[in-house]
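Could you walk me through this model in my viewer, one selection at a time? I would like to know what to click on next and what I will find there.

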Amino acid sequence: MPRRITHFQQDQLDRVARFADADGDRLQLRVADTAERNCRDVPTEVFFPATDEYSDQQARLTERLRIQQQCRGCPVADECLAGALLRGERFGGWGGVAQPDFQAIGRLFRTRHKRRQEEAA
Ligand code: SF4
């Protein structure tokens, strides 16, 4: 039986719904070109921690809070998350969503995106 989607996961999918037909690479270019993004002077490694969706609950919670703090108020957070999902990224924290959460949301997104494409074909 498939696991139920959490409110948090649904909220993240709702955030990116308006980008469903966008190009993930173009979104990433928009993010990179935004001088006001929170991570402009932050090393990329900050967003690729050892903690993943298989880490223990405390580690996942700590990572969630860390990335939320890093990305809070970033003006391109939705584009950042949508682009990563559309490109099929498997790792990293994106759009304020920590890697462990992003990995689970990515699977949900890919399943729904594929279904949507099949229905449109
Ligand atoms: S949401 Fe976070 S990772 Fe994405 S551009 Fe903003 S600060 Fe960087």
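Start by selecting Phe102, which is buried at a relative accessible area of 1% (buried means under 20%, exposed over 50% and partly exposed in between, with a 1.4 Å probe and protein chains only). This is a predicted model, in which local features need pLDDT of at least 70 and side-chain atom pairs count only at pLDDT 80 or more, while totals for chains, interfaces and linings use all residues. Residues are numbered from 1 along each chain as its sequence is written, and side-chain values use heavy atoms, with hydrogens and water left out.

**The aromatic cluster**

Now add Phe48 and Trp94 to your selection: ring pairs link them with Phe102 into a cluster. Rings of Phe, Tyr and Trp (its six-membered ring) pair if their centres lie within 6.5 Å; planes under 30 degrees apart are called stacked, over 60 edge-to-face, and the rest tilted. Searching the whole structure turns up two aromatic pairs.

Look at Phe48 and Trp94 to begin with: their ring centres are 6.1 Å apart and their planes stand at 90°, so this pair is edge-to-face. Phe48 belongs to the loop between α2 (24-32) and α3 (57-71), and Trp94 to the loop between α4 (77-87) and α5 (99-120), so the pair ties together parts that are 46 residues apart in sequence. Helices here are DSSP runs (H or I, at least four residues), numbered from the N terminus. Turn on the surface and compare the partners: Phe48 is partly exposed at 38% relative accessible area, whereas Trp94 is buried at 11%.

Next, go from Trp94 to Phe102: with centres 6.4 Å apart and planes at 45°, the pair is tilted.

**Charges over rings**

Keep Trp94 on screen and add Arg87, which lies over the face of Trp94 at 5.3 Å from the ring centre. For such a contact, NZ of Lys or CZ of Arg must be within 6 Å of the ring centre and within 35 degrees of the ring normal. Then select Arg64 and Phe8, where the charged end of Arg64 sits over the ring of Phe8, 5.0 Å from its centre.

**A stop in helix α4**

Click on Leu85, which is in helix α4 and is buried at 4% relative accessibility.

**Around the ligand**

Finally, select the ligand. Which residues are around the ligand? They are Val31, Asn38, Cys39, Phe47, Cys71, Cys74, Ala77, Cys80 and Gly95, each with a heavy atom within 4 Å of it.

Note on methods: Helices (H or I, at least four residues) and strands (E, at least two) are DSSP runs, numbered from the N terminus.
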